[in-house]
Amino acid sequence: MANRVVEKIKKGLRGELVIPGDKSVSHRSVMFSALGDTPVRITNFLPSADCLSTVGVMRSLGAKVEILSPTELVVTGNGLHGLKEPETVLDAGNSGTTLRLMMGMLAPQDFVSVFTGDSSLHKRPMGRVIKPLSQMGANIVGRAGNTKLPITVVPAGKKLQGFTYDMPVASAQVKSAILLAGLFAEGTTTVVEPYQSRNHTELMLESFGVKLDYEGTAISIQAQDKLTAPEEILVPGDISSAAFWLVAASVIPDSELLLKNVGINPTRTGILDVLNAMGADITLTNERSSGSEPVADILVRSASLHGTSFGADIMPRLVDEIPAITVAAMFAEGETVITGAGELRVKETDRIQAISDQFNKLCSCITATEDGLIIKGGSQNQWRQGTCFSYDDHRIAMTLAIAGMAGNGVEIEQPDCVDISYPSFYEEMAGLY
């Protein structure tokens with residue numbers, strides 16, 4: 001894997017970009033369609049390594065997945081109760097979404113399933129999913145104190161029992177795993193979040209005919225006899241992928257980019273709130289719906305940014321965008337303080353430490369804290385060229401690239417990990433020079 005050199009851009013960013021399909025929605029579209037019994041056409045699917053891991057897992061469980069093009073699939077399942085015992089170990093690759101949601105789906109089944117993944121996924125703790133599923137009666141066995149891969153899901157021998165789970169930390173993946181288990185459980189399953197996390201699972205379950213009950217930040221589900229699959233799911237563009245261009249166009253002078261087909265689900269738009277609070281020039285146009293998801297085109301122009309502060313209450317709506325926001329803060333006048341982001345320490349890598357260690361090679365202005373970052377930004381910062389390590393983390397690699405474009409260039413070690421979520425990232429970046 002060759003290093004990638006990203007040079008400082010000498011002009012403003014101009015043009016249009018069509019944002020690739022949302023990773024979270026792409027995962028769920030395949031999983032849920034595999035629980036129906038009629039064909040579902042999925043368009044604008046994200047053909048990333050993570051989402052293809054989900055395709056492989058669902059095929060191993062008996063679903064038929066026809067790939068018509070890299071971004072268009074037809075998925076046909078065998079019904080809600082038609083999953084089949086896999087003939088081999090299920091490989092989640094680098095995808096925490098695949099692993100966590102599938103544990104919820106497979107915990108109620110009457111067959112054994114075994115999960116593995118890549119070296120990075122083997123290091124990531126799964127205890128926060130295993131704990132509530134075990135309280136429902138699931139029998140899940142892992143290594144390292146029952147929290148890490150390889151993980152075996154053993155038949156419980158009886159129906160899982162619905163219960164109420166007060167989540168200590170808002171997490172869409174944990175919530176989704178519990179709700180999926182609740183599809184099969186006896187009684188009512190209720191998840192209570194301290195703050196609302198992204199709700200793609202709830203929206204898609206409802207599009208499959210599932211009735212959910214809401215009270216404050218509590219969501220309740222009952223066991224279902226079947227799912228009624230829609231004929232088509234159009235996946236909106238991923239705002240987490242748009243985030244890199246939102247920041248780049250904001251901090252690179254004389255820039256104007258139109259980002260097309262971006263999902264603006266309110267549980268995901270924390271990046272827009274923070275950038276607007278920093279003084280960004282962002283306009284939503286052509287607002288519409290893509291199935292059950294709101295979508296818009298986003299026009300972003302360069303602007304003079306200033307520092308801000310934010311914490312735990314908004315974190316579920318932007319935790320994946322913290323690396324990109326860090327670059328915006330490095331160029332903003334004044335100080336930016338990020339708190340309540342402890343979850344970043346158990347992502348593909350410890351992103352808090354990775355940001356501090358690598359971005360400081362380009363501009364010494366970041367201090368890591370236990371649960372966040374302090375960034376001293378502004379025109380007084382001295383940008384350097386540097387060689388930075390991505391930790392094989394797609395979001396770190398892409399953020400380093402936009403930092404290099406806006407700063408003074410960068411050489412990225414292990415750059416190809418962007419394939420996890422944005423395979424065309426470097427190609428699109430090259431088109432802007």
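## Rings in the core and beyond

Let's start with Phe32: its relative accessibility is 0%, under the 20% cut-off, so Phe32 counts as buried. Keep in mind as you look around that this is a predicted model.

How many aromatic pairs does the count come to? The count comes to 8. Phe32 and Phe208 make one of these pairs: their ring centres lie 6.1 Å apart and their planes meet at 85 degrees, so the pair is edge-to-face. The two partners come from distant parts of the chain, with their positions 176 residues apart. Phe32 belongs to helix 1 (residues 23-33), while Phe208 sits in the loop that runs between helix 7 (200-207) and strand 12 (213-215). Phe208 is buried too, because its relative accessibility is 1%.

Now take a look at Phe389 and Tyr391, which form a tilted aromatic pair, with 4.8 Å from centre to centre and 50 degrees between the planes. Are these two rings buried or partly exposed? Phe389 has a relative accessible area of 27%, so it is partly exposed. Tyr391 comes out at 24%, so it counts as partly exposed as well.

## A ring cluster with a charge on top

Some of the rings join up into a bigger group: Phe244, Trp245, Tyr422, Phe425 and Tyr426 are linked into a cluster by ring pairs. Tyr426 has a further neighbour, since the charged end of Arg4 sits over its ring, 4.0 Å from the ring centre.

Arg4 brings us to the start of the chain, where strand 1 covers residues 4-6 and includes Val6. With a relative accessible area of 2%, Val6 counts as buried, because that is under 20%. If you hop from Val6 to Ser356, you cover 350 residues in sequence, and the two C-alpha atoms are 20 Å apart in space.

## Helices: one covered, two packed

Which residues of helix 6 are buried? Helix 6 spans residues 172-182, and 11 of its 11 residues are buried. Among them are Ala172, Val174, Ile178, Leu179 and Leu180, but also Gln173, Lys175 and Ser176. Just before this helix comes a loop from strand 10 (164-166), and Met167 lies in that loop. Met167 is buried, as its relative accessible area is 5%. Met167 and Val191 are 24 residues apart in sequence, yet 7.1 Å separates them in space, from C-alpha to C-alpha.

Further along, helix 11 (residues 351-359) packs with helix 12 (residues 394-406). How do we describe such a pair? For two packed helices, we give the angle between the axes and the distance between them. Here the angle is about 30 degrees and the axes are 11 Å apart. An angle under 35 degrees counts as roughly parallel, so that is how helix 11 and helix 12 stand to each other. The crossing of helix 11 past helix 12 is right-handed.

## Strands side by side

Next up is an open sheet of 4 strands, in the order 4-5-3-14, with mixed pairing. Strand 4 (64-69) and strand 14 (232-234) are the edge strands; each has a single partner strand, so one side of each has no neighbour in the sheet. From one strand to the next, the twist averages 20 degrees. Inside this sheet, strand 3 (residues 40-43) and strand 5 (residues 72-76) pair in the antiparallel sense over 4 bridges. Look for Arg41, which stands opposite Val74 in strand 5.

A hairpin is worth a visit too. Strand 16 (residues 281-290) and strand 17 (residues 293-301) are antiparallel partners, joined over 8 bridges. Leu284 faces Ile298 of strand 17. The hairpin has 2 residues between the strands, and Gly291 takes a positive phi near 65 degrees.

## Backbone oddities

Where does a cis peptide bond turn up? It joins Leu149 and Pro150, with omega at about -5 degrees. Pro150 has its place in strand 9 (residues 148-154).

Two residues other than glycine also have a positive phi. In Asn44, phi is near 60 degrees. Asn44 lies in the loop between strand 3 and helix 2 (49-60), and with 21% relative accessibility it counts as partly exposed. Asp254 likewise has a phi near 60 degrees; you'll find Asp254 in the loop between helix 8 (239-251) and strand 15 (256-263).

Conventions
Residues numbered from 1 in each chain as written. Predicted model: local features only at pLDDT ≥ 70, side-chain atom pairs only at ≥ 80, totals over all residues. Heavy atoms only, no water. Pairing = 2+ DSSP bridges. Phe/Tyr/Trp six-rings, centres within 6.5 Å; stacked < 30°, edge-to-face > 60°. Buried < 20%, exposed > 50% of the residue type's maximum accessible area, 1.4 Å probe, protein only. Lys NZ or Arg CZ within 6 Å of the ring centre and 35° of its normal. Axes fitted to C-alpha atoms, helices over the stretch in contact; angles between N-to-C directions. Parallel < 35°, antiparallel > 145°, perpendicular 65-115°, else oblique. Left-handed = near helix turned anticlockwise from the far one by under 90°.
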